[in-house]
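Please look over the chain below before reading on. The paragraphs that follow go through its cores, strands, helices and loops in turn.

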Amino acid sequence: MSHGTRSEGAPHTDGPVPPGRHAVVVGGGLAGTTAALALADAGVRVTLLEGRPRLGGLAFSFKRGDLTVDNGQHVYLRCCTAYRWFLDRIGGAGLAPLQDRLDVPVVDAARPEGRRLGRLRRDPLPVPLHLGRSLAAYPHLSLADRARVGRAALALKGLDLDDPALDEQDFGSWLAAHGQSPRAVEALWDLVGVATLNAVAGGSSLALAAMVFKTGLLSDPGAADIGWARVPLGDLHDRLAREALDAAGVRTATRTRVSSVRADGDGGWSVDIPGETLRADAVVLAVPQREAYDLLPAGALDAPDRLLGIDTAPILNVHVVYDRTVLTRPFFAALGTPVQWVFDRTHASGLRHGQYLALSQSVAHDDIDAPVADLRERYLPELERLLPRARGAEVLDFFVTRERTATFVPAPGVGRLRPGARTKAPGLYLAGAWTATGWPATMESAVRSGVGAADAALGALGRPRPRHLFALEEAA
């Protein structure tokens, strides 16, 4: 298992860069780590500040007894070129492989046993034929619904993602206007959309939903192939990321809260942390929108209150350890039940006996504050409905992780609230999945925002862009 070498962390610059420029990146999630690596690769001296004891933001791991547990199941798609670049950059691509070909088992608990399984998978054919056979055989939709899904997909493919009017419409109304029944929305559009957008179709901006489906399902035959970490997320986003930062010469300080960011009179910046004030030529704020609002100096944005209008949505993760194997697939999605997506995390967690399943529950407003005992009573019987082998199995552990502000809400109108990387204050930049990347709140959006902020900062600092940033944009 390769964890990367020193050469992978070496700068990727196009030539000698005069020293002396210093950038401070506030926030050690994927956006901040990406910005720090990109700046360091261009020869800028970088300090990365993170308030938590670890890097990785909302994609992290922790210990529970002998297990290493991810706070939530995170996946990415083959079309996520920025996150794939990030994995390569930290030497972690082999630890989070992609499927050879999209294949999603979908189990409908409401159907009779023996007739519950359907699959969404692709054939090696051009778009949109690559999904034709799978949709034609998809048992969770009627014949009429399958035909109408094809017509809606073609209509989606024709939408212009640069049209600002799309951001003002909701996806649910658009689907209804294009002949999609409530069943089709549940069994197909929301099956994908809830997991990627953290919102149901009726609560999603048409612009963001169209972007997800056009890019993931209608751009390239392999675009929607799914990848996920086969190791704890902390191995990637904290340990390997820190090794790459160290090798690139970045000073990384965790457990370090930034109290203020202010412009100096000479065009530089001062960043206040406990016991120290850092001077910088450029600052990247790679923190959640409310934290960015608190740190932004006056005049940095025309309408800073817009940041507070970007609402957040929760994701609940339910973790169940059984005394035996109850699921023989790596993951599945579910219909006709509160359960959404279920992943086998046995090997990744270090569990040696039995099986550890993680349930990822998006749009979890109803459950996010429920007591563990209530969640146990709600979800264990549902798993027994879905997985016959669970009916005689002993539950060795049951716990939940709650991310109350997991993502921004991709509601209609959110596009005009999301700021770009540049602010009106020279030398101050914004990054985070919530900024104007064109993507919903995903790991891909976070990495893209970090690249965008670094690119803007390099231009202002008079530094050449590293070759690999050009390569990323070309791949995107």
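**A walk through the predicted model**

Leu218 is buried, its relative accessible area being 9%; buried here means under 20% relative accessible area, exposed over 50%, and partly exposed in between (1.4 Å probe, protein chains only). The structure is a predicted model, in which local features need pLDDT of at least 70 and side-chain atom pairs count only at pLDDT 80 or more, while totals for chains, interfaces and linings use all residues. Residues are numbered from 1 along each chain as its sequence is written, and side-chain values use heavy atoms, with hydrogens and water left out.

Leu218 sits in the loop between helix 8 and strand 8 (226–228). Helices (H or I, at least four residues) and strands (E, at least two) are DSSP runs, numbered from the N terminus. Not counting residues up to four places away in sequence, Leu218 touches Val127, Pro128, Ala153, Leu156, Lys157 and Phe213, where contact means heavy atoms within 4.5 Å. The C-alpha atom of Leu218 is separated by 43 Å from that of Leu396, 178 residues apart from it along the chain.

Ala153 and Leu156 lead to helix 5, where they are buried together with Asp145, Arg146, Val149 and Ala152. Viewed down the axis of helix 5, the buried residues fall within an arc of 120°, so they line one face of the helix; the arc is that of the directions from the helix axis to the C-beta atoms. The face turned away from this buried side carries the exposed residues Leu143, Arg151 and Leu154. Cover for the buried residues of helix 5 includes helix 4 (132–136), helix 6 (171–177), helix 7 (182–197) and helix 8 (206–217). Helix 5 itself (residues 143–157) has 15 residues and reaches 22 Å from its first C-alpha to its last, close to the 21 Å expected at 1.5 Å a residue. That expected span is 1.5 Å times one less than the number of residues.

The next topic is the nonpolar cores. A nonpolar core is a set of buried Ala, Val, Leu, Ile, Met, Phe, Trp, Tyr and Cys residues joined through side-chain atoms within 4.5 Å. The largest has 126 residues, and those with the most contacts inside it are Leu39, Tyr83, Phe171, Trp189 and Leu236. Helix 14 (residues 443–461) gives the most to this core, with 10 residues. Apart from it lies another core, of 27 residues, among them Leu316, Val342, Leu386 and Leu387. Leu39 touches Ala23, Val25, Val44, Val46, Val284, Ala454, Ala457 and Leu458, leaving out residues up to four places away in sequence.

Val284 belongs to strand 13 (residues 282–285), from which Ala282 and Val284 point one way and Val283 and Leu285 the other, all of them buried. Strand 1 (residues 22–26) pairs with strand 13 in the parallel sense over 4 bridges, two strands being paired if DSSP finds at least two bridges between them. In this pairing Ala23 stands opposite Ala282. Strand 13 also pairs with strand 19 (residues 428–430), in the parallel sense over 3 bridges, and there the bridge partner of Val283 is Leu428.

Other strands pair in the antiparallel sense. Strand 6 (residues 103–108) and strand 7 do so over 5 bridges, with Val107 opposite Leu117. In a regular strand the side chains alternate between the two faces of the sheet. Along strand 7 (residues 117–121), Gly118 and Leu120 point to one face and are buried, while Leu117, Arg119 and Arg121 point to the other and are not. Strand 11 (residues 269–273) and strand 12 (residues 276–280) are likewise antiparallel over 5 bridges, and Trp269 has Ala280 as its bridge partner. Their hairpin has 2 residues between the strands, and Gly275 takes a positive phi near 75°.

Two further loop residues remain. Gln73, between strand 4 (67–70) and strand 5 (75–77), is buried, with a relative accessible area of 13%. Beyond its neighbours within four places in sequence, Gln73 is in contact with Trp228, Asn317, Phe343, Arg345 and Ser360. Leu351 lies in the loop between helix 12 (346–349) and strand 17 (355–361); not counting residues up to four places away in sequence, Leu351 touches Leu67, Val321, Thr346 and Tyr356.
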